[in-house]
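User: Got a model up here. Can you walk me through the sheet and then the cavities?

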Amino acid sequence: MSERKIFSETLHDGVAISFQADEILHEEKTGHHRLDLIRNSIFGKVLLLDGAVQVTSADEFMYHEMLAHVPLMAHANPADVLIIGGGDCGLAEEVLKHSRVKSLTQVEIDASVLDFSRRHFKDFNAPVFDDPRFQVEIADGAAFAAQSEKRFDIILVDSTDPAGPGAALFTAEFYTNLRRILKDDGITATQNGVPFLQEREFVAAIGALASVFPVTSCYLVSVPTYFGGHMTLGWASDSEKALNVSEDTLRERAAGIETRYYTPAHHRAAFALPRFIEDLLAKARKGAETG
Ligand code: SAM
């Protein structure tokens, strides 16, 4: 039997999380990332890019359902959706559960992550590739946002953390371009990490969002792989309307959509923030005001 290897992800100065690889399924250096796929007894298949966990087959539904369904259910007519990043296609699977979605464009920088995930994460992403509404473009999401002529009702930023190719997806310049390609009543939701461990990154990214959008907030999701307490997903829109949709309306829109994490009641509860995150949000907004 081959020796078991430990994969450690350094999360922040002084903290690392380790996964035991019962099996190393794949190791590769793509044009953009170092890619590892391992099998772990608790998390199932674990995909790491540059040593950072991106997705696991056991808990992907938690993150993907909340990043997709909260903005989609909050929107009266989410016909055209854009995903930036999201190479494993777990988010696309959730978006395409909505019959109200007429087109889904995904812009991913690394073709290898996409091809690879198509082969190795069929359990959750297989339906995506047979769906005629789904279109992929291999490009830098920041460059796409700067050039796109098409406008969207919902934009979801499913990025790596703000380092390497993902760094461009956390800037005010990028958010300015997202606002330009959002239709009226459009909503943007973003991956904003774990504020207990990534306080500086959280304040900087939400501050950049708040410097561009009139309405900025965040909501919570708990994902076991993203160690360190609450994970935050950022929210940006031009009005507060979609933040105040009633539970009854959410229930009507959610009818027939199968979920394991998302519920209309939890949708509304996810915006109730612990005090320390409220304070960080206020700090980010204030920083945006004072520049
Ligand atoms: N849930 C994940 C997390 O936070 O750990 C993110 C998962 S998803 C696999 C992240 C994707 O963003 C990767 O496939 C990566 O290639 C893509 N990505 C990073 N920078 C990008 C950019 N500038 N434009 C488009 N895609 C990008």
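Analyst: Here come the sheet and the cavities, in turn.
Analyst: This is a predicted model: local features need pLDDT of at least 70, side-chain atom pairs count only at pLDDT 80 or more, and totals for chains, interfaces and linings use all residues. Residues are numbered from 1 along each chain as its sequence is written, and side-chain values use heavy atoms, without hydrogens and water.

User: What is the strand order in the open sheet?
Analyst: 9-8-7-10-11-13-12, 7 strands with mixed pairing. Strands are DSSP runs of E, at least two residues; helices are H or I, at least four; both are numbered from the N terminus. Pairing takes at least two DSSP bridges.

User: Which are the edge strands?
Analyst: Strand 9 (134-138) and strand 12 (215-221), each pairing on one side only.

User: How do strands 12 and 13 run?
Analyst: Antiparallel, joined by 7 bridges. Leu220, for one, has Thr232 of strand 13 as its bridge partner.

User: Cavities now. How many of 30 Å³ or more?
Analyst: The count is 2. A cavity is a set of points on a 1 Å grid, over the protein atoms alone, where a 1.4 Å probe fits but cannot get out; lining residues have an atom within 4 Å of a point. Volume is the space filled by probe spheres set on the points, which are joined across faces, edges and corners.

User: What gives the most to the largest cavity's lining?
Analyst: Helix 7 (residues 199-210), with 3 residues. The space there is about 60 Å³.

User: And where does the second largest lie?
Analyst: Between domain 1 (5-56) and domain 2 (60-290), because both give residues to its lining. Those bounds come from an automatic or database domain assignment. Its lining includes Gln54 and Tyr63.

How values were computed:
1 Å grid on protein atoms, 1.4 Å probe; cavity = no way out; pocket = protein on both sides within 12 Å on 5 of 7 lines; lining within 4 Å.
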